[in-house]
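Student: Please take a close look at one part of this structure, the packing of one helix pair. Deal with the disulfide check before that.

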Amino acid sequence: MKRSLGNKKISTAVFISGRGSNLKSLINFSKKKKSPIHIKLIVSNTKKAIGLKYANINKIPKKIINFKKKFQAETRILNILNNKKINFICLAGFMIVFSKKFINKFPGKIINIHPSLLPKYKGLNTHIRALKNNEKFSGCTVHYVNSNIDSGKIILQKKVKIIKNETVSSLSKKILKEEHKLYPKAINKIL
Ligand code: GRF
């Protein structure tokens, strides 16, 4: 999906469920002249997502979609994405797994960031599991999304060293800092 020089930026939606620190880093990245993405929409499955404040601060349209009924929620999102001509989706701490049907509408155009060196530690609570297993390294991964959790093709990874007396809090801070750099880098790699 490489964007040839001179082309317009790719209309992008970012999906979140919480704090939104990766969203913030993606917004900053999107504002750079050379960035391939233009963030036209922020979607959350909950109005409680703290990260929604970045939609207000940056005047980016936002939608809150209740996922209690997944099929209806996905149909609604598809309509919104079509209306806004969105053709690239970045998941950033979005806690819902899309159906195969939804993912197939955007082949190779949905990516996600995960705080582990995939394929290790898919799913939640990655840091505690890495520490309990006495891993020497952990890190973060940007990958394509398929309908199996954290299993799509890997785009980029960044490794970080786990030091003596590392805690969940120190490790998550260290990895999050790398996530904020890795996500833009991965987007530049594929767009
Ligand atoms: C990040 O650690 C990301 O890798 C994971 O969820 C967390 C979201 O953090 N998928 P934030 O909302 O971007 O601050």
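**Disulfide check and a helix pair**

Tutor: A search of the whole structure turns up zero disulfides (a pair of cysteine sulfur atoms within 2.5 Å). Cysteine 90 is in no disulfide. Its nearest cysteine sulfur belongs to cysteine 140, 15 Å away. For cysteine 140, the closest cysteine sulfur is that of cysteine 90, and 15 Å is too far for a bond. Cysteine 90 has 0% relative accessibility, so it counts as buried (under 20% relative accessible area, 1.4 Å probe, protein chains only). Cysteine 140, also at 0%, therefore counts as buried.

This is a predicted model: local features need pLDDT of at least 70, side-chain atom pairs count only at pLDDT 80 or more, and totals for chains, interfaces and linings use all residues. Residues are numbered from 1 along each chain as its sequence is written, and side-chain values use heavy atoms, without hydrogens or water.

Now the helices (DSSP runs of H or I, at least four residues, numbered from the N terminus). H1 spans residues 21–30 and H6 spans residues 168–190. Their axes, lines fitted to C-alpha atoms over the stretch in contact, lie 9 Å apart. The packing angle is about 45 degrees, on a scale from 0 to 180 degrees between N-to-C directions. H1 and H6 are therefore oblique (neither under 35, over 145, nor 65 to 115 degrees). Their crossing is right-handed (near helix turned clockwise from the far one by less than a right angle).

Which residues of H1 and H6 meet? H1 brings Ser21, Asn22, Ser25, Leu26 and Phe29. H6 brings Leu176, Glu179, His180, Tyr183, Pro184, Ile187 and Asn188. Contact means heavy atoms within 4.5 Å. The contact residues of H1 with H6 divide into six nonpolar, five polar and one charged. Here Tyr and Pro count as nonpolar, Glu as charged.

Technical notes
Helices (H or I, at least four residues) and strands (E, at least two) are DSSP runs, numbered from the N terminus. Buried means under 20% relative accessible area, exposed over 50%, partly exposed in between (1.4 Å probe, protein chains only).
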